[in-house]
Amino acid sequence: MTKQNMPKKHIVTSLKNLPLEVQEALKEKYPLGFTDVMMRIDKPNGDFFYAVPYDTDEVAYLVKIDVKIDDNAQDDDDKDYYDDEIKGADELQDGVSVDSLDEDDED
């Protein structure tokens, strides 16, 4: 049986568990990072992880990448930045102009 016809091993592992030479080869293949090649992998139990494919002659790796997800992004979208009430408006006095404030600063 020739090497070309042998099925590859398929391994799912984290980046830190890869052999050092494979880690280095992966960094060489993706010098600008993994953002453009990363895939979301959904598990049957509803969990998920992100991974990057990497193939050698003998092994097809699916390398898990730790990703920090910003859970607050949607909360920020829900904030009402433009309230109907202007804060501090009740402290403004009638009849005070910007010009009169500037004159006081010159003394």
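Leaving aside its neighbours within four places in sequence, which residues is T13 in contact with? Keep that one in mind, everyone, and I'll come back to it in a moment. Before that, please remember that we are looking at a predicted model.

Let's start with the whole chain. There are 107 residues here, and 17% of them count as buried. The chain has three helices and four strands. If you walk along the sequence, you meet them in the pattern β-α-β-β-β-α-α. The accessible surface of the chain comes to about 9,600 Å², and carbon and sulfur atoms account for 48% of that surface. Here is one more number for the whole chain: take the contacts between residues at least 6 apart in sequence, and 43% of them join residues at least 24 apart.

Now, back to T13. You can find T13 in strand β1. Is T13 buried or exposed? T13 is buried, because its relative accessible area is 16%, and the cut-off for buried is under 20%. As for my opening question, the residues in contact with T13 are L18, Y61, L62, V63 and K64. Try clicking on each of those in the viewer, with T13 in the middle of your screen.

Next, let's talk about charges. Side chains of opposite charge can pair when their charged atoms come close. How many salt bridges does the structure hold? The structure holds two, and I'd like to show you each of them.

The first one I'll show is between D55 and K8, where the N to O distance is 3.9 Å. D55 lies in strand β3, which covers residues 48–55, while K8 lies in the segment before β1, so this pair ties together parts that are 47 residues apart in sequence. How covered are these two residues? D55 is partly exposed, with a relative accessible area of 46%. K8 is partly exposed as well, with a value of 33%.

The other salt bridge joins D42 and R40, and here the closest N and O atoms are 2.9 Å apart. D42 is exposed, at a relative accessible area of 53%. Its partner R40 is partly exposed, at 45%. If you wonder why D42 and R40 get separate labels, it is because exposed means over 50%.

So, to recap: we have a chain with three helices and four strands, a buried T13 in the β1 part of our tour, and two salt bridges. Thanks for listening, and do have a look at the structure yourselves!

Technical notes
Residues numbered from 1 in each chain as written. Predicted model: local features only at pLDDT ≥ 70, side-chain atom pairs only at ≥ 80, totals over all residues. Heavy atoms only, no water. Salt bridge = Lys/Arg side-chain N within 4 Å of Asp/Glu carboxyl O. Helix = DSSP H or I, 4+ residues; strand = E, 2+ residues; numbered from the N terminus. Buried < 20%, exposed > 50% of the residue type's maximum accessible area, 1.4 Å probe, protein only. Contact = heavy atoms within 4.5 Å. Areas by Shrake-Rupley, 256 points an atom, 1.4 Å probe, with all protein chains shown as cover.
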